[in-house]
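Here is a friendly walk through one protein model, from its charged pairs to its nonpolar interior. Have the viewer open and follow along.

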Amino acid sequence: MRTIASDRLLLRPWRDEDADFLLDLESRWEVVRFLGAQPTIMNNREDALASIARRCAIDDPIHGIWAITTTADGRLVGNLLLKPIPLSAAEPAGGPTDVEIGWHLHPDAWGHGYATEAAAAVLDDAFSRGLTRVIAVTDPDNRASQAVCRRLGMTHFGQTTRYYDTPNELFEKLAS
C-alpha cells in the first residue's frame, strides 16, 4: 500500500508496532461511538494486531486504510480509510460499488485540522488515479465529521439508510 503525504501529515500503512496506539485509540468510547451501526470498543492488544492485519490486507491501487502520522515527529494521530462501502441488507446488489472515505482521530489530535488535511490528500490521490466519486456517511449526531465533509467541499444529500443498516447523513464529492 502506498504512502500519501500532505503539508503536515504522512498517511502510511499500519504496522504491528502501532498496536498499542490503535488499542488506545479504539478503546475510547468517544472515538468509536459513531463507527458503524453497533459501535464497540477494542479490548486487547491481540484485537489491535488482528485489526492491523485486516487493514494491511487491502491490496488495491486506490483503496486503503492508513495510519495518520505527523510529519514533524512521526506521532500517530488517527486512521483514514478509502474503501468500498457495504450496502444495507435491504438494498439491491449488483449496481456500481460506492467508495467511502472515513476517519477517526485520537482525542489529543482533535481540533487541529488533521482529519480534513488527511482526507483531502487521500481524495486528491484517489481522483488522480481515476476514481470519479467518493461518499462519506456520518452518524446524524456526528457534527464534527459533518463539518469535515463540508470543509472538503462534499455535497450533503440528507439522510440515507442505504449503508450499514442504519440512518446516516450522506455526503458526496466528485472528481473535478
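Asp 98 counts as buried in this predicted model, because its relative accessibility of 12% falls under the 20% limit. Its salt-bridge partner is Arg 133, and the closest N and O atoms of the two are 2.7 Å apart. Asp 98 sits in the loop between E4 and E5 while Arg 133 belongs to strand E6, so the pair ties together parts that are 35 residues apart in sequence. Arg 133 itself is partly exposed, at a relative accessible area of 29%.

The two residues also take part in something wider: a network of salt bridges links Glu 91, Asp 98, Arg 133, Arg 162 and Glu 172. Over the whole structure, the search finds 14 salt bridges. As a reminder of the chemistry, side chains of opposite charge can pair when their charged atoms come close. Three of these pairs are set out below, with the N to O distance for each.

| Acidic residue | Basic residue | N to O distance |
|---|---|---|
| Glu 30 | Arg 28 | 3.6 Å |
| Asp 98 | Arg 133 | 2.7 Å |
| Asp 125 | Arg 129 | 3.0 Å |

How exposed are the partners in the other two pairs? Glu 30 is partly exposed at 35% relative accessibility, and Arg 28 is partly exposed too, at 24%. Asp 125, in contrast, is buried with a relative accessible area of 14%, whereas Arg 129 is partly exposed at 42%.

Now for the nonpolar interior. The largest nonpolar core holds 31 residues, and the members that touch the most others are Leu 11, Leu 80, Leu 82, Ile 101 and Trp 103. At least two residues of this core come from each of strands E2 (9-13), E3 (64-70), E4 (76-84), E5 (99-105) and E6 (133-138), and likewise from each of helices H4 (114-128) and H5 (143-151). Helix H4 gives the most, with nine residues. Apart from this core lies another one, of 15 residues, including Phe 21, Leu 25, Val 32 and Met 42.

Leu 11 is a good residue to click on. Leaving aside residues up to four places away in sequence, Leu 11 touches Arg 2, Thr 3, Ile 4, Trp 66, Ala 67, Ile 68, Leu 80, Ala 118 and Val 122.

What about the cysteines? Cys 149 is buried, at 0% relative accessibility, while Cys 56 is partly exposed, with a relative accessible area of 40%. A disulfide is a covalent bond between the sulfur atoms of two cysteines, and the count of disulfides in this model comes to zero.

Stepping back to the overall fold, the protein has five helices and eight strands. Read along the sequence, these follow the pattern β-β-α-α-α-β-β-β-α-β-α-β-β. Among contacts between residues at least 6 apart in sequence, 61% join residues at least 24 apart.

A few global numbers round off the picture. The radius of gyration is 15 Å, which agrees with the value near 16 Å that a compact globule of 176 residues would have. Along the principal axes, the C-alpha atoms fill a box of roughly 40 × 35 × 30 Å. Buried residues make up 48% of the 176 residues. The protein exposes about 8800 Å², of which carbon and sulfur atoms supply 50%.

How values were computed:
Residues are numbered from 1 along each chain as its sequence is written. This is a predicted model: local features need pLDDT of at least 70, side-chain atom pairs count only at pLDDT 80 or more; totals for chains, interfaces and linings use all residues. Side-chain values use heavy atoms; hydrogens and water are left out. A disulfide is a pair of cysteine sulfur atoms within 2.5 Å. Buried means under 20% relative accessible area, exposed over 50%, partly exposed in between (1.4 Å probe, protein chains only). A nonpolar core is a set of buried Ala, Val, Leu, Ile, Met, Phe, Trp, Tyr and Cys residues joined through side-chain atoms within 4.5 Å. Helices (H or I, at least four residues) and strands (E, at least two) are DSSP runs, numbered from the N terminus. Contact means heavy atoms within 4.5 Å. A salt bridge is a side-chain nitrogen of Lys or Arg within 4 Å of a carboxyl oxygen of Asp or Glu. The radius of gyration is taken over C-alpha atoms; the globule rule is 2.2 Å times the number of residues to the power 0.38. Accessible areas come from the Shrake-Rupley method with a 1.4 Å probe; for residues, only the protein chains shown count as cover.
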